[in-house]
Amino acid sequence: MKCFKNAIVYVDGEGLKKTTVCFDEKIKKISRCAISGAEVIELPENAIVLPGFIDEHIHGAGGSDAMDGTLKDLSIIANTVAQEGTTGFLATTMTQSKENIINAMKAVKEYRENNPEDGARVLGVHLEGPFISAKHKGAQPLEYIAVPFVKTFEEYNTASGNAIKIVTLAPEVENANELVSYLTKKGIVSSIGHSDAGYVKVDEAIANGATNVTHTYNAQTALHHREIGIVGSALLRDELNCELIADTIHVSVPALKLMVKNKPNDKLTLITDAMRAKGLADGESELGGQVVIVRNGEARLQDGTLAGSVLKMNRAIENMVKKVGVPFTQAVDYATINPARTLKIDDEAGSIKVGKRADFAVIDGETYDVLYTIRGGKVVYQK
């Protein structure tokens, strides 16, 4: 048994309070009194104990990518993101050949079956592509874009051990409605992204069960007064949860403020959309066989197209508080309980509550530096 004694803790339903949290794999007690014999984790006065962060959209980190399709690379990603307070993530794929995607799916299946205790937990897969629009492919390779057949999806999901939790797709393309309906019946999240859809197609997708928008603002139709597109639909429709890359590069501060002003607090989710260069020095990297140049926190293809990010989740939260003006605990919710709800794991993760998993991110309340990351009661990172 371990405990944080007399620490500032973000307790579910109570906000920030000074208390003691005792835990093993799960949270056992939240009280002013510690459990006798519990190992005390000493924290500095300015430390804040938060729920572990959940990143539902991340491709890679530490020089590795989910599409590399090896246990070693998944382990590198898991241990790298743990350094930013992330305790769970979706290994996110990209538009590639069927062979490469299936290889990545098989690696996730084996990794999850092995259930390593180090690093962040691989919660499943976010299949970003290949069912997207060529017009809004972003940094996705054009030659591998595919029609969204249910049969193709089933091949991927079977290879993953039924681990696919979110599918990014363009609702206007052929067969998209059929796939959205199928995913809805299976309890898998359909996320609108890399798409040229207008409001009518978004409305159809919502009617068929779509509930998410992939990296809102990026690689999708913009807001126009005669056609509000995906961005306008995301702002208008409360059914849609909006992913957001809060690095102030992919999305400007005013656009971040507009999103916060228009979405219910429980319908906005911070993601990093990070690629393999996260955690490495500036220089040349790679994404889906394409050269990526990382400079001053920006990752771009050689033609200037943004190619994912090198954003860390603790910095995304800091940006939302310090640059956007979001209340601290609300910004934390964007990276914890909100993605937990999307992934339907909010009964076991996403907040600090007795009975939930002992997943914590302990940060310095002034610098937002991560001091500890604890997953399932085990320290997986210590500064």
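A crossing of two helices is left-handed if the near helix is turned anticlockwise from the far one by less than a right angle, and right-handed if clockwise. Helices here (H or I, at least four residues) and strands (E, at least two) are DSSP runs, numbered from the N terminus.

This is a predicted model, in which local features need pLDDT of at least 70, side-chain atom pairs count only at pLDDT 80 or more, and totals for chains, interfaces and linings use all residues. Residues are numbered from 1 along each chain as its sequence is written, and side-chain values use heavy atoms, with hydrogens and water left out.

## Helix pairs

The crossing of H1 and H2 is right-handed. Helix H1 covers residues 71-82, and its axis lies 9 Å from that of H2, at an angle of about 65°. Axes are lines fitted to C-alpha atoms, for helices over the stretch in contact, and angles run from 0 to 180 degrees between N-to-C directions. Angles under 35 degrees count as roughly parallel, over 145 as roughly antiparallel, 65 to 115 as roughly perpendicular and the rest as oblique. H1 and H2 are therefore roughly perpendicular to each other.

Which residues make this contact (heavy atoms within 4.5 Å)? H1 supplies Leu71, Leu74, Ser75 and Ala78. H2 supplies Ala107, Val108, Glu110, Tyr111 and Asn114. The residues of this contact of H1 with H2 divide into 6 nonpolar, 2 polar and 1 charged. In this sorting, Ala, Val, Leu, Ile, Met, Phe, Trp, Tyr, Cys and Pro count as nonpolar, Asp, Glu, Lys and Arg as charged, and the others, Gly among them, as polar.

H2 (residues 98-114) also meets helix H3 (residues 150-159). Their axes come within 7 Å and cross at roughly 35°. From H2 come Lys98, Ile101, Ile102, Met105, Lys106 and Lys109. Their partners in H3 are Thr152, Glu155, Tyr156, Thr158 and Ala159. The residues of the contact of H2 with H3 split into 5 nonpolar, 2 polar and 4 charged.

## A covered helix

Helix H6 spans residues 229-236 and is mostly covered, with 7 of its 8 residues buried. Buried means under 20% relative accessible area, exposed over 50%, and partly exposed in between (1.4 Å probe, protein chains only). The buried residues of H6 are Gly229, Ile230, Val231, Gly232, Ser233, Ala234 and Leu235. What do they pack against? Their partners are strand E12 (189-192), helix H5 (199-207), strand E13 (212-213), strand E14 (241-245) and helix H7 (253-262).

## Three residues and their contacts

The contacts in this table leave aside neighbours within four places in sequence.

| Residue | Place | Contacts |
|---|---|---|
| Glu318 | helix H8 (residues 313-322) | Lys323, Thr367, Tyr368 |
| Met320 | helix H8 | Ala246, Leu256, Val260, Leu270, Gly325, Val326, Ala331, Tyr334 |
| Glu286 | strand E16 (residues 283-287) | Met275, Arg276, Val292 |

Is Met320 buried or exposed? Met320 is buried, with a relative accessible area of 0%. Its C-alpha atom is 7.0 Å from that of Ala246, though the two residues are 74 residues apart along the chain.

Glu318 also counts as buried, at 15% relative accessibility. Glu318 and Gly198 are 120 residues apart in sequence, and their C-alpha atoms are 33 Å apart.

Glu286 is partly exposed, with a relative accessible area of 26%. Between the C-alpha atoms of Glu286 and Ala331 there are 31 Å, and along the chain 45 residues.

## Cysteines

How many disulfides does the whole structure hold? A search finds 0 (a disulfide is a pair of cysteine sulfur atoms within 2.5 Å). For Cys3, the nearest cysteine sulfur is that of Cys22, 4.6 Å away. Cys22 is in no disulfide either. Cys3 is buried, at 0% relative accessible area. Cys22 is buried too, at 0%.

## Backbone details in loops

A cis peptide bond joins Gly129 and Pro130, with omega about 15°. Pro130 sits in the loop between strand E10 (121-128) and H3.

Asn115 is not a glycine, yet its phi is positive, about 50°. Asn115 belongs to the loop between H2 and E10. It is partly exposed, with a relative accessible area of 47%.

Tyr217 also has a positive phi, near 90°, in a residue other than glycine. Tyr217 lies in the loop between E13 and H6.

Key
Contact = heavy atoms within 4.5 Å.
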